[in-house]
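Reader: I'd like a close look at one part of this protein: its open and enclosed spaces. Could you walk me through what lines them and how the residues around them pair up?

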Amino acid sequence: MSTSGSPPRAGRLGTGHILFLIVAAAAPLSAMVGTVPLAFAFGDGAGVPAAFLFAGVTLLCFSVGYAVSARRTGGSGGFYASVADGLGRPPAVAAGYVALLSYNCATIGLAGALGYFTHLVFAAHGMTVSWEWCAAVGLVLTAVLGYREIALSARVLALLMLGEIGVLAALDVAILARHGLHALPTASFSPHVAAGHGVGVSLMFAFVSFIGFESAALYGKEAKDPRRSVPRATYAAVVLIAGFYALTSWLAVGAVGSDKVREVAGKQMGDLFFVLGDDFLGKAGSTGLQVLLCTSLFAATLALHSAANRYAQVLAEDGLLPRGLAAEHPRHRSPHRASLAQSALTTLVVAGFAVAGLDPYADLTTSMLGLGTLGIVALQALAALSVLGLRLRGGGGHWWRELLAPLLGFAGLAASVWLVVGNFDMLTGSPSKVIAALPWLLPLVALGGLLYAARLRSAHPLRYRLLGTRHTATAAAEQSPASSPALSGDRHA
């Protein structure tokens, strides 16, 4: 619904545009450089490629169920709409606020990482630019693109994605060219390695590397054919990310050696892929990896910024945030006020860390990105549960799409939440008790959402009854005179 007073226009996003938006949020190059070495070192070493495949299959099952929800909600509203449709209004309000917190935290964390790694790349080439200035430039570009139409951001992200995937593909080809089939060791998928010591840690890092792929369901209003393009983009993103992560990590195992990869990764950590780039692609290849890491972080920041804006807009439309944030730009059709608010929030938090003299990576990125990641994984599990709720409430549905697939997805995602909570200090890399306590913010925010929904139900029953209905397939029926509050009960109570 447009709040600008202009008539609705057809969306401009196709499946490809949405695919670039959500794959950019997962930041493939950043995941390879920052996450895979940790999984090698602290997980099951050479078995990490199998962990990526397992996570991909699990999330593909989740996507099958999530597609059912996306078709019913018109591919918009994200977790808020999905939970409203399947589990009811109070859980939806809780999910909406948790999503807003999680995506904003993830965006802030990535802005810190962008500043930190861009500063390091400049320093490696003899230039001194503070991380604060690097982050500031990234935030200005994010704010400008976030204010404008989403199709422009999608085109920018497409270029950046081709760059980071291209350099990793070049590394993959170079490893294969040198080592041949020996670059693909069968040990990575042997049961005693793939399910060996540390497999839980590997699975945790594998699941968190997919963060953002589910955000396709936020762009339905801006898509040409949301009921087709949103599910297709989600499926394609899971297959692309899982296949790419599994193959690249497998080749890295082959390049280093399956019996040495844990030890080498433990020593080199974030430098592992830069060392491989220098060895297999030459100095120019290593430099390309460094530069494209920065563009990958910018792409992820922009993608998650766009997702956070759309959650703010959806919640504002339903009166759960100030309604001004729901405004749609008359020309760009973007949630421009929500974008400005998100940019201001990110700037304030990043500036606060800078003024306090805290480390942009060890303090800002690890804490904010860790909390955002945990919240998004928990919401994925809740969204899978909401599809099961649809089946129970409707008393039917397809056995695979609406029962077994979401059940398998929920089981895998619930296990992932348990792993992330149990290893939160490892995910953030911080021994701080304050950071270790951050996961408690999520249930506190969820509880606040439940209590606010209960207050709306008693004090403003009409407002309460309209929560989430604009995104559901049954919205028109629910808002018809025959289903007015005076004539019918609340099936989502």
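Author: Let's fix the residue classes before we start: Ala, Val, Leu, Ile, Met, Phe, Trp, Tyr, Cys and Pro count as nonpolar, Asp, Glu, Lys and Arg as charged, and the others, Gly among them, as polar. With that in hand, take the second largest pocket: its lining divides into 17 nonpolar residues, no polar ones and no charged ones. Keep in mind that this is a predicted model.

That second largest pocket holds about 320 Å³ of space. Of its 17 lining residues, Leu-374, Ala-378, Pro-439, Leu-442 and Pro-443 lie nearest the centre. As for the helices, α6, α15, α16 (400-422) and α19 (441-459) each put at least two residues into the lining.

Pro-443 deserves a stop. This proline sits in helix α19, and at 42% relative accessibility Pro-443 counts as partly exposed. Pro-443 and Ala-94 are 349 residues apart in sequence, yet their C-alpha atoms are 9.0 Å apart in space. You can also lean on the helix here: α19 has the highest confidence in the protein, at a mean pLDDT of 96.

Now the largest pocket. About 990 Å³ of space lies in there, and 42 residues line it. Ser-30, Gly-34, Thr-35, Tyr-361 and Leu-369 are the ones nearest the centre. Quite a few helices chip in with at least two lining residues each: α1 (15-26), α2 (28-34), α3 (36-42), α6 (89-124), α10 (199-208), α13 (272-317), α15 (360-394) and α17 (424-428). By class, the lining of the largest pocket has 28 nonpolar residues, 13 polar ones and one charged one.

Helix α15 turns up in the linings of the largest pocket and the second largest pocket, so let me cite one of its residues that shows what else the helix touches. Gln-380 lies in α15 and counts as buried, at 2% relative accessibility. Leaving out residues up to four places away in sequence, Gln-380 touches Leu-59, Phe-62, Phe-79, Ile-211, Phe-213, Glu-214 and Leu-413.The enclosed spaces come next. There are four cavities of 30 Å³ or more. The largest cavity has about 60 Å³ of space and a lining of 10 residues, with Ser-76, Leu-218, Lys-221, Gln-313 and Val-314 nearest its centre. That lining has two nonpolar, four polar and four charged residues.

The second largest cavity has a volume of about 50 Å³. Lys-221, Glu-222, Arg-310, Gln-313, Glu-328, Arg-333 and Pro-335 line it. By class that comes to one nonpolar, one polar and five charged residues.

Two of those charged residues are partners. Side chains of opposite charge can pair when their charged atoms come close. Glu-328 forms a salt bridge with Arg-333, with the closest N and O atoms 3.9 Å apart; the cut-off for a salt bridge is 4 Å. Glu-328 is buried at 8% relative accessibility, and Arg-333 is buried as well, at 15%. Both values fall under the 20% limit for buried.

For context, the structure holds six salt bridges. One of them joins the side chains of Asp-85 and Arg-72, at 2.5 Å from N to O. This pair links distant parts of the chain, with Asp-85 in helix α5 (residues 78-86) and Arg-72 in helix α4 (residues 48-73), 13 residues apart. Asp-85 is buried, with a relative accessible area of 0%, whereas Arg-72 is partly exposed at 25%. Another salt bridge pairs Glu-263 with Lys-267, at 3.2 Å between the closest N and O atoms. Those two both lie in helix α12 (residues 261-268), four residues apart, about one turn of the helix. Lys-267 is exposed, at 65%.

Last, a word on how far to trust the model. The protein averages a pLDDT of 86, and 92% of the residues score at least 70. Confidence is lowest in helix α21 (residues 475-478), at a mean of 40. Over residues 473-493 the pLDDT is below 50, and this stretch has 34 contacts in the model beyond near neighbours in sequence. Residues 1-10 also stay under 50, with 14 contacts beyond four places in sequence.

How values were computed
Residues numbered from 1 in each chain as written. Predicted model: local features only at pLDDT ≥ 70, side-chain atom pairs only at ≥ 80, totals over all residues. Heavy atoms only, no water. 1 Å grid on protein atoms, 1.4 Å probe; cavity = no way out; pocket = protein on both sides within 12 Å on 5 of 7 lines; lining within 4 Å. Points joined across faces, edges and corners; volume = space filled by probe spheres on them. pLDDT = per-residue confidence, 0-100. Contact = heavy atoms within 4.5 Å. Buried < 20%, exposed > 50% of the residue type's maximum accessible area, 1.4 Å probe, protein only.
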